[in-house]
Amino acid sequence: MARSQQTFGKKEKEKKRLKKREEKAKRKIERRANSKGGEFEDMIAYVDENGHLTDTPPDPAKKVKVDAESIIIGIPKKEEMEEEDPVRNGKVSFFDTSKGFGFIIDAENNEKYFVHVSGLIDEISENDKVSYELEKGMKGMNAVRVKRI
């Protein structure tokens, strides 16, 4: 004869589950009976002219008419953007020939850009005035096609 697969522990767990379910159902019924159920008007929130949430409706006098065709979605086309000269000028602030890298300080905005020996056209040393182009590198902008002026 086979024994029942239901052990004492399983029976106790099932009893606890049923008891929790009953308590949850009782709480749900009690909440429904005691809830006041707010009015729809109490739940509405408005956005004022500054973009803040308020409980008062906006003033119709402050309403601004926006022409839908004047709204531009996306980035401007390439023709509309003014082209920037890719060649920049600067001064070599540091260059280590044994390691093959250095830094160039831009003449316009005083930013430092990394330069590697692979991006050189002419040989450079510290305090040389150079012209270069910028390219996105792994850690930021790198100076490439560097030549002495």
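Select Arg145 and Glu133 first: they form a salt bridge in this predicted model, and their closest N and O atoms are 3.0 Å apart. Arg145 belongs to strand S7 and Glu133 to strand S6, so this pair ties together parts of the chain that are 12 residues apart in sequence. Arg145 has a relative accessibility of 39% and therefore counts as partly exposed. Glu133 is likewise classed as partly exposed, at 21% relative accessibility. Add Glu135 to the selection, and a network of salt bridges appears that links Glu133, Glu135 and Arg145.

Remain on strand S6 and select Ser131. Is this residue buried or exposed? Ser131 is buried, because its relative accessible area of 12% falls under the 20% limit. Leaving out residues up to four places away in sequence, Ser131 touches Val87, Arg88, Asn89, Arg145, Val146, Lys147 and Ile149. Two of these names connect to other stops of the tour: Arg145 takes part in the salt bridge with Glu133, and Arg88 takes part in a salt bridge with Asp106.

Turn next to Arg88 and Asp106. Their closest N and O atoms are 2.8 Å apart. The pair links distant parts of the chain, with Arg88 in strand S3 and Asp106 in strand S4, 18 residues apart. Arg88 counts as buried, at 14% relative accessibility. Asp106 is also buried, with a relative accessible area of 1%.

For a salt bridge set in loops, select Lys62 and Glu49. Here the closest N and O atoms are 3.4 Å apart. Lys62 lies in the loop between strand S2 (53-54) and S3, while Glu49 lies in the loop between strand S1 (46-47) and S2; the two are 13 residues apart. Lys62 is partly exposed, with a relative accessibility of 48%. In total, the structure holds 6 salt bridges.

Now display strands S4 and S5 together. They pair in the antiparallel sense over 5 bridges and form a hairpin with 5 residues between them. In the turn, select Asn110, which has a positive phi of about 55 degrees. Across the hairpin, Phe103 stands opposite Phe114 in S5.

Keep S5 in view and colour its two faces separately. In a regular strand, side chains alternate between the two faces of the sheet. Which residues of S5 lie on the covered face, and which on the uncovered one? Tyr113 and Val115 form the covered face, whereas Lys112, Phe114 and His116 form the uncovered one. S5 also pairs with S7, in the parallel sense and over 2 bridges; Phe114 stands opposite Asn142 in S7.

The aromatic rings come next. A pair of aromatic rings is described by the distance of the centres and the angle of the planes. The count for this model comes to 6 aromatic pairs. One of them joins Phe101 and Phe114, which are stacked, with 5.9 Å from centre to centre and 25 degrees between the planes. This pair links distant parts of the chain: Phe101 is in strand S4 (residues 101-106) and Phe114 in strand S5 (residues 112-116), 13 residues apart. Phe101 is partly exposed at 23% relative accessibility, and Phe114 is partly exposed with a relative accessible area of 28%. Extend the selection to Phe94 and Phe103, and ring pairs join Phe94, Phe101, Phe103 and Phe114 into a cluster. Then add Lys112, which lies over the face of Phe103 at 5.9 Å from the ring centre.

Move from the uncovered face of S5 to Tyr113 on the covered face. Aside from neighbours within four places in sequence, Tyr113 is in contact with Arg88, Gly102, Phe103, Ile104, Asp106, Tyr132, Leu134, Met141 and Ala143. The list includes Arg88 and Asp106, the partners of the salt bridge between S3 and S4.

The last selection is the largest nonpolar core. How many residues does this core contain? There are 10 in all: Val92, Phe95, Ile104, Tyr113, Val115, Ile124, Val130, Tyr132, Ala143 and Val146. Strand S3 (88-96), S5, strand S6 (129-136) and strand S7 (141-148) are the elements that give two or more residues to this core. Tyr113 and Val115, the covered face of S5, are both among the core residues.

How values were computed:
Residues are numbered from 1 along each chain as its sequence is written. This is a predicted model: local features need pLDDT of at least 70, side-chain atom pairs count only at pLDDT 80 or more; totals for chains, interfaces and linings use all residues. Side-chain values use heavy atoms; hydrogens and water are left out. Rings of Phe, Tyr and Trp (its six-membered ring) pair if their centres lie within 6.5 Å; planes under 30 degrees apart count as stacked, over 60 as edge-to-face and the rest as tilted. Helices (H or I, at least four residues) and strands (E, at least two) are DSSP runs, numbered from the N terminus. Buried means under 20% relative accessible area, exposed over 50%, partly exposed in between (1.4 Å probe, protein chains only). A charge sits over a ring if NZ of Lys or CZ of Arg is within 6 Å of the ring centre and within 35 degrees of the ring normal. A nonpolar core is a set of buried Ala, Val, Leu, Ile, Met, Phe, Trp, Tyr and Cys residues joined through side-chain atoms within 4.5 Å. Contact means heavy atoms within 4.5 Å. A salt bridge is a side-chain nitrogen of Lys or Arg within 4 Å of a carboxyl oxygen of Asp or Glu. Two strands pair if DSSP finds at least two bridges between them.
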